[in-house]
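Let's walk through this one together. We will take the labels one at a time and ask what stands behind each.

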Amino acid sequence: MKLNILANKQEVAVAFSEYLKEKIEASKGALHVALSGGSTPKAIFDYMAENYKTSIEWNKLHLYWGDERCVLPTNAESNYKMTVDHLLSKIDFPEANIHRVHGENTPADEAVAYGEVLDKNLGKVNDIPQFDIVILGMGDDGHTASIFPHEINLWESANNCEVAVHPESGQKRITITGKIINNAKEVAFLITGAGKAPKVKEIINKVGDYTSYPATLVAPTSENLLWLLDKDAAKGIQ
Ligand code: 6PG
């Protein structure tokens, strides 16, 4: 695991954008990337739209979502909509390379359907679909993708995707599972904000209730795990 601590969220966005640009440039063929939602990716998308509008071969990228809220794609809660608003609407990106979760569908049906999209579109390693890069965030409660502590059992699902329920709002979400996350070639964990510091401290130091946090389970077989933190999130481990 590689751990980089940057000054703030914007610096995390810059660092990850540079990392992604290098991966895209180094890739001979298509690069299949699973995006996360939340505020950190928003800063990354704004930065990339501003600085790499024409200097990246966007058509090499295929975009998926590691988790999505079960809402219409036009709903402010939609991770897809956030990505369109902050990135896809500002660059020339091939529609055919956008593989969104259909949050408007019946959750149980969409978990199966999206799992089939991964089976169909991605190469397989150990008979499991393999993303080139999975981008993850971590919630203040230690959730990642949309696997929350109260449903940590979803991590071990034999399925590619599951229906998760947000512990406070009850909102249903589609999430990829641990087998997909830990089968990725690379995982980039983008964690920013003081609210994450207690869980980051427990997870990195393997103390307290760290085993009850889904974020603890992120350990790709490839061992290509990059933690990009801002100082606020890292204050318990410095
Ligand atoms: C979501 C995200 C979620 C996010 C974390 C961290 O759909 O809400 O995928 O898992 O990554 O909540 O979000 P921040 O980047 O805003 O801290």
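## How the labels are earned

Strand 2 carries Leu 31, Val 33 and Leu 35 pointing one way and His 32 and Ala 34 pointing the other, and all of them are buried. In a regular strand the side chains alternate between the two faces of the sheet. This is a predicted model, in which local features need pLDDT of at least 70 and side-chain atom pairs need 80 or more, while totals for chains, interfaces and linings use all residues. Residues are numbered from 1 along each chain as its sequence is written, and side-chain values use heavy atoms, leaving out hydrogens and water.

Q: What makes strand 2 mostly covered?
A: Buried means under 20% relative accessible area, exposed means over 50%, and partly exposed is in between (1.4 Å probe, protein chains only). In strand 2, 5 of its 5 residues are buried. Strands here are DSSP runs of E with at least two residues, helices are runs of H or I with at least four, and both are numbered from the N terminus.

Q: Why is Asn 79 called buried?
A: Asn 79 has a relative accessible area of 3%, so Asn 79 is buried. This residue is in helix 3. Beyond its neighbours within four places in sequence, Asn 79 is in contact (heavy atoms within 4.5 Å) with Gly 37, Gly 38, Trp 65, Asp 67, Glu 68 and Arg 69.

Q: How do you know that strand 2 and strand 3 pair?
A: Two strands pair if DSSP finds at least two bridges between them. Strand 2 and strand 3 (residues 61–65) have 5 bridges, in the parallel sense. One bridge partner is easy to find: Leu 61 in strand 3 for Leu 31. Strand 2 also pairs with strand 7 (residues 133–136), again in the parallel sense, over 2 bridges, and there Val 33 stands opposite Ile 133.

Q: What makes the unit of strand 2, helix 2 and strand 3 right-handed or left-handed?
A: A crossover is right-handed if, with the strands pointing away from the viewer, the path from the first strand over the helix to the second runs clockwise. Strand 2, helix 2 and strand 3 make a right-handed β-α-β unit.

Q: How does the span of helix 2 compare with what it should be?
A: The expected span is 1.5 Å times one less than the number of residues. The 13 residues of helix 2 (residues 39–51) should span 18 Å, and the end C-alpha atoms are 19 Å apart, which agrees. Among the buried residues of helix 2 are Ile 44, Phe 45 and Tyr 47, and their cover includes helix 1 (9–26) and strand 10 (186–191).

Q: Why is the pair of Trp 65 and Tyr 80 called edge-to-face?
A: Rings of Phe, Tyr and Trp (its six-membered ring) pair if their centres lie within 6.5 Å; planes under 30 degrees apart count as stacked, over 60 as edge-to-face and the rest as tilted. By this rule there are 5 aromatic pairs. Tyr 47 and Tyr 52 form an edge-to-face one, 5.9 Å centre to centre with 90 degrees between the planes. For Trp 65 and Tyr 80, the centres are 5.7 Å apart and the planes at 70 degrees, so this pair is edge-to-face.

Q: What makes Lys 21 sit over the ring of Tyr 52?
A: A charge sits over a ring if NZ of Lys or CZ of Arg is within 6 Å of the ring centre and within 35 degrees of the ring normal. The charged end of Lys 21 is 5.5 Å from the centre of the Tyr 52 ring and sits over it.
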